[in-house]
Amino acid sequence: MAVDAFKSLGTYEFLSSAGIEPDESKTYSLDELTSAIQSTHGFVPAFDCKKGSLNAIYYYFNLKGTVMDGTLVPIDAPKGGSCPSNGIKYPPKSG
């Protein structure tokens, strides 16, 4: 179930479709990131930053049914992450 959820979340594609690409110097606002994900995924995730750079994006789900045969239903993040409102870096992956 978790693997299927992960495969359905094309975060890079969600951001890229809004013109948000990894870059060493460009910065984005939290609103830009949120809008990009919400417009494609339909729900608002939580964005966590580390030293001003996007570090993780958390998607939230409710489970409908049982763990064995239930389905994951996406929901908006119950709380925001640690990213500031502006100046968020989205650097290319390294290593």
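Select Gly42 first: in this predicted model, the residue sits just after α3 and takes a positive phi of about 95°. From Gly42, step back along the chain into the helix itself.

**Helix α3**

Select residues 30-41, which form helix α3. The helix has twelve residues, and the distance from its first C-alpha to its last is 16 Å, close to the 16 Å expected at 1.5 Å a residue. Within this selection, colour Leu33, Thr34, Ala36, Ile37 and His41, which are buried. These residues cover an arc of only 160° around the axis, so they lie on the same side of α3. Now turn to the other side of α3, where Asp31 and Ser39 are exposed.

What should be displayed to see what covers the buried residues of α3? The cover includes the helix α2 (11-16) together with β1 (27-28), β2 (46-50), β5 and β6 (88-89). Showing these elements around α3 gives a view of the surroundings of its buried residues.

**Thr34 and Val44**

Keep α3 on display and select Thr34, which lies in this helix. Is Thr34 buried or exposed? Its relative accessible area is 17%, and because buried means under 20%, Thr34 counts as buried. Leaving aside neighbours within four places in sequence, Thr34 is in contact with Val44 and Phe47.

Follow the first of these contacts to Val44, in the loop between α3 and β2. Val44 is partly exposed, with a relative accessible area of 22%. Which residues does Val44 touch, not counting those up to four places away in sequence? They are Thr34, Gln38, Ile75, Asp76 and Ala77. For a distance label, pick the C-alpha atoms of Val44 and Pro22: the two residues are 22 apart along the chain, and these atoms are separated by 20 Å.

**Ser29, before the helix**

Move next to Ser29, in the loop between β1 and α3. Ser29 is buried, with a relative accessible area of 13%. With residues up to four places away in sequence not counted, Ser29 touches Ser85, Asn86 and Ile88. Select these three partners together with Ser29 to display the contacts.

**Pro92, after the last strand**

Continue to Pro92, located in the segment after β6. This proline is partly exposed, at a relative accessible area of 35%. Beyond residues up to four places away in sequence, Pro92 touches Pro22, Asp23 and Glu24. A second distance label can be drawn from Pro92 to Ser16: the residues are 76 apart along the chain, and their C-alpha atoms are separated by 13 Å.

**Lys51**

Select Lys51 in the loop between β2 and β3 (53-58). Where Gly42 has a positive phi of about 95°, Lys51 has a phi near 55°, a positive value in a residue other than glycine. Is Lys51 buried or exposed? Lys51 is exposed, with a relative accessible area of 83%.

**A nonpolar patch**

Switch to a surface representation and select Leu63, Val67 and Leu72. Together, these residues make a nonpolar surface patch of about 250 Å². Val67 belongs to the loop between β4 (60-64) and β5 (71-75). With a relative accessible area of 62%, Val67 is exposed. The strand β5 at the end of this loop is also among the elements that cover the buried residues of α3.

**The whole chain**

Finally, clear the selections and display the full protein. There are three helices and six strands, which follow the pattern α-α-β-α-β-β-β-β-β when read along the sequence. The C-alpha trace spans about 45 × 25 × 25 Å along its principal axes.

How many of the 95 residues, as a percentage, count as buried? The figure is 28%. The protein exposes about 6,300 Å², and carbon and sulfur atoms supply 53% of that area. Among contacts in the protein with a separation of 6 or more, residues 24 or more positions apart account for 56%.

Conventions:
Residues are numbered from 1 along each chain as its sequence is written. This is a predicted model: local features need pLDDT of at least 70, side-chain atom pairs count only at pLDDT 80 or more; totals for chains, interfaces and linings use all residues. Side-chain values use heavy atoms; hydrogens and water are left out. Patches are made of residues with over 30% relative accessible area and no salt bridge: like charges are joined within 9 Å, nonpolar side chains (Val, Leu, Ile, Met, Phe, Trp, Tyr) within 5 Å. Accessible areas come from the Shrake-Rupley method with a 1.4 Å probe; for residues, only the protein chains shown count as cover. A salt bridge is a side-chain nitrogen of Lys or Arg within 4 Å of a carboxyl oxygen of Asp or Glu. Helices (H or I, at least four residues) and strands (E, at least two) are DSSP runs, numbered from the N terminus. Buried means under 20% relative accessible area, exposed over 50%, partly exposed in between (1.4 Å probe, protein chains only). The expected span of a helix is 1.5 Å times one less than its number of residues. The arc is that of the directions from the helix axis to the C-beta atoms. Contact means heavy atoms within 4.5 Å.
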